[in-house]
Amino acid sequence: MSAQRTSRTLLLLTLVLQILPGNFVTNQQDDSELHFLPLSCNQTTNEQVKVDFSSEIVDHEYIVTFNGYYQRDTRERYLTAALRDFNASWSVVDRHNPAFDYPSDFDVLQVSTEALTNLDILKHHPVIKDVTPHKKVTRTLKFIDDTLTEDVDQPYDTLSSISKSRNRKSLSLATAYWHSPARKSRNLLRAIPKQITSALQAEILWNMGYKGSGVRVAVFDTGLAEDHPHFKPGRIKDRTNWTHEKTLDDGLGHGTFVAGVIASHKECLGFAPDADVYVFRVFTNNQVSYTSWFLDAFNYAIMKKINVLNLSIGGPDFMDHPFVDKVWELTANKVILVSAIGNDGPLYGTLNNPADQMDVIGVGGINFDNQIAKFSSRGMTTWELPGGYGRMKPDIVTHGSTVRGSALKGGCRSLSGTSVASPVVAGAVTLLLSSVLDRFDVINPASMKQALIASARRLPDSNVNMFEQGHGKLDLVRAYQTLRTYKPQASLSPSYIDLTECPYMWPYCSQPIYYGAMPIIVNITILNGMGVSGKIVGKPQWEPYQPQHGSYVDVAFSYSRTLWPWSGYIAVSIAVDKMAAKWEGVAQGQVSLTVESPPEGDETEARVSHLKLPIRVKIIPTPPRSQRILWDQYHNLRYPPGYFPRDNLRMKNDPLDWNGDHIHTNFKDMYQHLREAGYFVEVLGAPFTCFDASHYSTLLMVDSEEEYFPEEVSKLQRDIDSGLSLIVIADWYNVSVMKKVRFYDENTRQWWMPDTGGANIPALNDLIAPLGMAFSDSVYEGEFMLGEHDMQYASGTSIAKFPKEGVIVTKPLKDQGHEVVSGDTLNAQDVPVLGLHQTPGGGGRVALYGDSNCLDNSHMKKDCFWLLSALLEYTSHNMLAPVFEDQELVTLPPIKQLPERMEGNHLHRYSKVIEGHMGTPRARPLPPCPSLVWAKPNPLNITAPSNLYQPQKLLSVNNFDINHVPLLSLPQENMADMESEMKELPVKEPEESESRHSHKHEVDRNTFFPALAFLGTALVILFMLNQYYKRRSKPRRKRPRAQKYSNLMYGRTYKSPSV
């Protein structure tokens, strides 16, 4: 009897487990296992991939791009004609690859040394579009044990051998999870599906007959073996080699993994096993590539009519014009390009190109707890700085931690990184595209992105903002529903502006707006699914809501005149009208615009979309001058285009200064500290001649690399005399050190020299010279105590000249510049690191400090936010902190010579202030100050919705009804089951019902806890059924009916009389 009960229990438990949701247990043959950390599959290895990366310009080689595609002989004739008066030798570099016999739009030109200054004559030829340096990319993947966690910055082995971290690299990390070392609490480990496909419910589309068939997907990586067992026979349609090596196979494993996530059909499953896979080997086994290899491979992909292209590579060089232009051309040819957003998180301003382009689907990474992966890069884009503001990226996020994929020789491995998240999305897009082949005419890079972001679910963690998660987590099934009924249209990303919604709308929501402030700029991407080209008809309109005080808001627009390819932008500048100078409250309105694209096919009329952008802002009375700080963005330069080194010379892994130096990127924590301290921080993206100093207590200049107009120097002196205070926080500068940290490549015989130091000390000295102040060209490092605070000085400078009435703080430090130049250690005493001065005549106060690394998140070891607060107390409130009161009087020795600019530097090539003239830099004409034209308001007498956030509503050809969704290739016996399953999927509710729920954001609810509740309910039912069967197995005995049910519910049993 006991055996019978046990068998019944096991049978019921099996039935319960079979009806659990598919993301926990599925009936796929390879998906029926659940794994908890750590994974323990015999054929799975967990590895972490460290990427060392460098990129150099190839000596004497240039990419010449033409305005069309021409045969090789024709291109050579054009070059010969253009260089007819060229007195030096030149030749066209042969490119032996599969595109050799096809027309091309570029050539690689090799010239002699003496010809370098004469290449501008090429641009005068009518068919030549541009001439840019040819770049070589080197990437090194190191697979190490995953017990090693975060990368620790190490000092340079030799400063003369720093590898430049720029341009394209693989974006793979492969660590299981990023745990905080300080984590002490116990956490429930979320189940990790054996198959990444199960996590996104790809089986639903598979069971409907969609597995990628009819879609061409390209993998640009390290190659793939032709006979790899994970791919169906005949599915690898083409393998091409674009390198100089004579092999098509993958010698590293990265390309194999990426291709497997997309199209593997066994062991570790891919999303689209029936897709046609095109393998492009663009990296050698030594992990070297060239821009020209990518350009040729891109042209070949266009010729092969590739539908989806995955790029698990990236880099900060968004000014590699031939590469960027070719990406635009790819998407213009309806290639849906998916790219990794970067592995430089959690730092902000670390987006990689091409994922940061509007026409590309940029993918960030999350773990299986639906948390943003620490490695995933964050926005904003930095193309638009300093005058504008960056766009929202990534577009979406998906699983990128501990994802299983194909290993080099078979079996599976687990890797992490956004280069893992990227093929997850590329595989999902391939699968989605195969499900809508009957609607192929309306599917393009814009419509696919529209469907992905409209169906994405915000992450459950309410602390994740738009520059971390984009529109949210990929939802494969909802994206399918959206695509099935999609109607060509334009849409906005983000679809609304709410400066009161924190933290999702950070940093916009972090500071209210007020009259007299610098306008807030919100950069909106326009996605145009109606056609590859389009335009905004007329002008955007500002429509304030009268009941919600919309007339208190002034709005101006800057926008793309042409939307191409598939996208454009509209930058919305928001300010407060004078009427609300003393008003506090929330104001609302909307921007309306019309997008038009040419007709397609048999259409006779243009395609038109009418868009509305709701806006809500928080307005406060204008704060007092003492609380307002102005951040100088205009004089911060970064890579690209020039070589601007990191501010800390000890940082070996990433020596370039490329994060934008903005208060919302690598100075984010400093900004948050200032806001919490009650200060209002505004950003100046124009010269000093363009702001009213009477509005601000302090001008804050940190890590400035730009030069200054003469008019700026005199204007700042007048402002300080009138009461404006100034804080200047500098960094290292030394010509000898700059020469030591130059790069030399043995292969190309090319030297790379910094265009300035961590800061442009000669320019800063010109600016503060009227104040009797100057910085030195010494470089110091070390730790010291300032009051009760531990301080770290990391490659900072010292004060060389200061008014004798001022307060000077000196500390013992190590002469890092001497160590770099000579290799010897030298200690220095009484180094002046900080100075405070009250200018005479009741003018403003000035503070100087020699190192910005304690404010910069890039490589911060110890923050000095307390010091910045103390300096602001002095400059803004004339209160000297106690730590500075007891300083001994310091008299600086006379300085013999101030730091000079390095002879032969190329700063004029990238500067907004100076230009080259006859070999000598000179100041450019002072540009006019930005002038905004405020839009004429068209008031609306309507009430705004209480919650602006709603999942995006894309226009559809009809109301979605699952009964009308064609279930192609589905066996008849499974039709009813699949329709029932699809009916249970979440379907968008009408807008009217959603607007009634204030701030109920739609997030991903497919988590562990609903399933746990479901399992608990099932176990209760199991227990009741078990009790029922136990009673039935006994001899029946008549008993009152009420007592019978009581016994059944409470499990009471009675002993039978003994015989």
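**Notebook: rings, charges and surface**

**Entry on Y793.** I began with Y793, which is buried at a relative accessible area of 1%. I note at once that the model is a predicted one. I then looked up F784 and found that F784 is buried too, with a relative accessible area of 7%. I return to the rings of these residues below.

**Entry on the whole chain.** I turned to the overall figures before going further. The protein chain has 1059 residues, and 59% of them count as buried. I found 22 helices and 41 strands in the chain. I noted an accessible surface of about 43,500 Å² for the protein chain, with 51% of that area belonging to carbon and sulfur atoms. I also asked what share of the contacts between residues at least 6 apart in sequence joins residues at least 24 apart. The share is 81%.

**Entry on aromatic pairs.** I recorded 26 aromatic pairs in the structure. One of them is formed by F294 and F298, whose ring centres are 6.0 Å apart with 45° between the planes, a tilted arrangement. I located F294 and F298 in helix α6, residues 291–303, where they are four residues apart, about one turn of the helix. I then asked whether these two residues are buried or exposed. F294 counts as buried because its relative accessibility is 1%, below the 20% limit. F298 is buried as well, with a relative accessible area of 0%. Next I came back to F784 and Y793: their ring centres lie 6.2 Å apart and their planes stand at 55°, so this pair is tilted. The angle falls between the limits of 30 degrees for stacked and 60 for edge-to-face, which is why the word tilted applies.

I also followed the ring pairs outward from F294 and F298. They belong to a cluster that ring pairs link together, whose further members are F220, W242, F280, F283, Y300 and F323.

**Entry on charges over rings.** I looked for charged groups placed over aromatic rings and noted two cases. The charged end of K668 sits over the ring of W506, at 5.3 Å from the ring centre. K715 lies over the face of F691, and here the distance to the ring centre is 4.2 Å.

**Entry on salt bridges.** I asked how many salt bridges the structure holds. The number is 36. I chose three of them to look up in detail.

In one, D249 is joined to R239, and the closest N and O atoms are 2.9 Å apart. I placed R239 in strand β9 (236–241) and D249 in the loop between β9 and α5 (254–263); the two are 10 residues apart. The two partners differ in cover: D249 is partly exposed because its relative accessible area of 35% lies between the limits of 20% and 50%, whereas R239, at 18%, counts as buried.

In another, D395 is paired with K393, with 2.7 Å between the closest N and O atoms. I found D395 and K393 both buried.

In the last of the three, E501 bridges to R458, the closest N and O atoms again being 2.9 Å apart. I located E501 in the loop between β20 (497–498) and β21 (520–528), and R458 in the loop between α9 (445–455) and α10 (466–469), so the bridge ties together parts 43 residues apart in sequence. E501 counts as buried at 5% relative accessibility. R458 counts as buried, with a relative accessibility of 5%. I also noted a network in which salt bridges with shared partners join R75, R95, D107 and D296.

**Entry on P488.** I looked up where P488 lies and found it in the loop between α11 (476–484) and β19 (490–493). Which residues does P488 contact, apart from neighbours within four places in sequence? I listed V442, G529, M530 and R607. I also compared P488 with V957: the two are 469 residues apart in sequence, while their C-alpha atoms are 9.3 Å apart in space.

**Entry on a surface patch.** Finally I turned to the surface. V1020, F1023 and M1024 form a nonpolar patch there, and together they have about 290 Å² of accessible area. I placed F1023, one of its members, in helix α21, which covers residues 1008–1032.

Note on methods
Residues numbered from 1 in each chain as written. Predicted model: local features only at pLDDT ≥ 70, side-chain atom pairs only at ≥ 80, totals over all residues. Heavy atoms only, no water. Patch = residues over 30% accessible without salt bridge, like charges linked within 9 Å, V, L, I, M, F, W, Y side chains within 5 Å. Areas by Shrake-Rupley, 256 points an atom, 1.4 Å probe, with all protein chains shown as cover. Salt bridge = Lys/Arg side-chain N within 4 Å of Asp/Glu carboxyl O. Contact = heavy atoms within 4.5 Å. Buried < 20%, exposed > 50% of the residue type's maximum accessible area, 1.4 Å probe, protein only. Phe/Tyr/Trp six-rings, centres within 6.5 Å; stacked < 30°, edge-to-face > 60°. Lys NZ or Arg CZ within 6 Å of the ring centre and 35° of its normal.
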